[in-house]
Amino acid sequence: MVMKQIAIIPMIVLALVATVLAAGYRDIKATEAKSLLAANKKVFLLDVRTPEEFGQGRLQGAVLIPINEVERRIGEIPRNRPIVVYCAVGSRSGLVAGFLSRKGYREVYNVSDGIVGWYRNGFPILR
């Protein structure tokens, strides 16, 4: 009887973790982001850096909404498409990804190594 109860505890914990993860966003590396973008043309690619950073280099197809404008411009971010958010190294984009998931966006990805990771992998950057 005690062994059955002990075996149930990990299943309950796993179910709780799955529920929390489903309600949030997912961190992905630049390599996974590139694959996702190539596989699904409906992905909305959101750059949350500054206009200056965007001007220095950006990912093809990216839409610039600086982090300090996201809340005001949330209507420009589609709810019916997967969202991939990036910044320089993943910190600002992580904040935005969390914000979007709390606002009800269902499929949100944060590029955790940012455009720096993209560049380090030798992937193309528009200048």
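**Entry 1: the largest nonpolar core**

I looked up the largest nonpolar core of this predicted model, where a nonpolar core is a set of buried Ala, Val, Leu, Ile, Met, Phe, Trp, Tyr and Cys residues joined through side-chain atoms within 4.5 Å. The core has 18 residues, and those that touch the most other members are A33, L45, L59, V84, Y86, V111 and W118. Two or more residues come from each of α2 (30-39), β4, β5 and α5 (114-120), and α2 gives the largest share, three residues. I noted beside this that, in soluble globular proteins, nonpolar side chains tend to be buried together.

Which residues does W118 touch, if those up to four places away in sequence are not counted? I found A30, A33, K34, L37, L59, F123, P124 and I125, contact meaning heavy atoms within 4.5 Å. There is also a second, separate core of 15 residues, and C87, A97, F99 and L100 are among its members.

**Entry 2: notes on the model**

Residues are numbered from 1 along each chain as its sequence is written, and side-chain values use heavy atoms, with hydrogens and water left out. As the model is predicted, local features need pLDDT of at least 70 and side-chain atom pairs count only at pLDDT 80 or more, while totals for chains, interfaces and linings use all residues.

**Entry 3: the chain as a whole**

I read five helices and five strands in the chain, which are DSSP runs numbered from the N terminus (helices H or I, at least four residues; strands E, at least two). Their order along the sequence is α-β-α-β-α-β-β-α-β-α. Of the 127 residues, 40% are buried, where buried means under 20% relative accessible area, exposed over 50%, and partly exposed in between (1.4 Å probe, protein chains only). Among contacts between residues at least 6 apart in sequence, 66% join residues at least 24 apart.

**Entry 4: strand β4 and its partners**

Are the faces of strand β4 (residues 83-86) covered or uncovered? Both are covered, with I83 and V85 buried on one side and V84 and Y86 buried on the other. I added that in a regular strand the side chains alternate between the two faces of the sheet.

Next I followed the pairing, which requires that DSSP finds at least two bridges between two strands. Strand β2 (residues 44-47) runs parallel to β4 and is joined to it by four bridges, with L46 opposite V85. Strand β5 (residues 108-111) also pairs with β4 in the parallel sense, over three bridges, and there the bridge partner of V85 is N110. Between β4 and β5 the chain passes through helix α4 (residues 91-102), and this β-α-β crossover is right-handed, that is, with the strands pointing away from the viewer, the path from the first strand over the helix to the second runs clockwise.

**Entry 5: S93 and Y25**

S93 lies in helix α4 and is buried, with a relative accessible area of 0%. Its side chain makes a polar contact of 2.4 Å with that of N110, a polar contact being a pair of N or O atoms within 3.5 Å, of which, within protein, one must be able to donate a hydrogen and the other to accept it, while residues adjacent in sequence count only if both atoms are side-chain atoms. Leaving aside neighbours within four places in sequence, S93 is in contact with V48, V85, Y86, C87, N110 and V111.

Y25 sits in the loop between α1 (2-23) and β1 (26-28) and is partly exposed, at a relative accessible area of 29%. The C-alpha atoms of Y25 and E107 are separated by 6.9 Å, although these residues are 82 residues apart along the chain.
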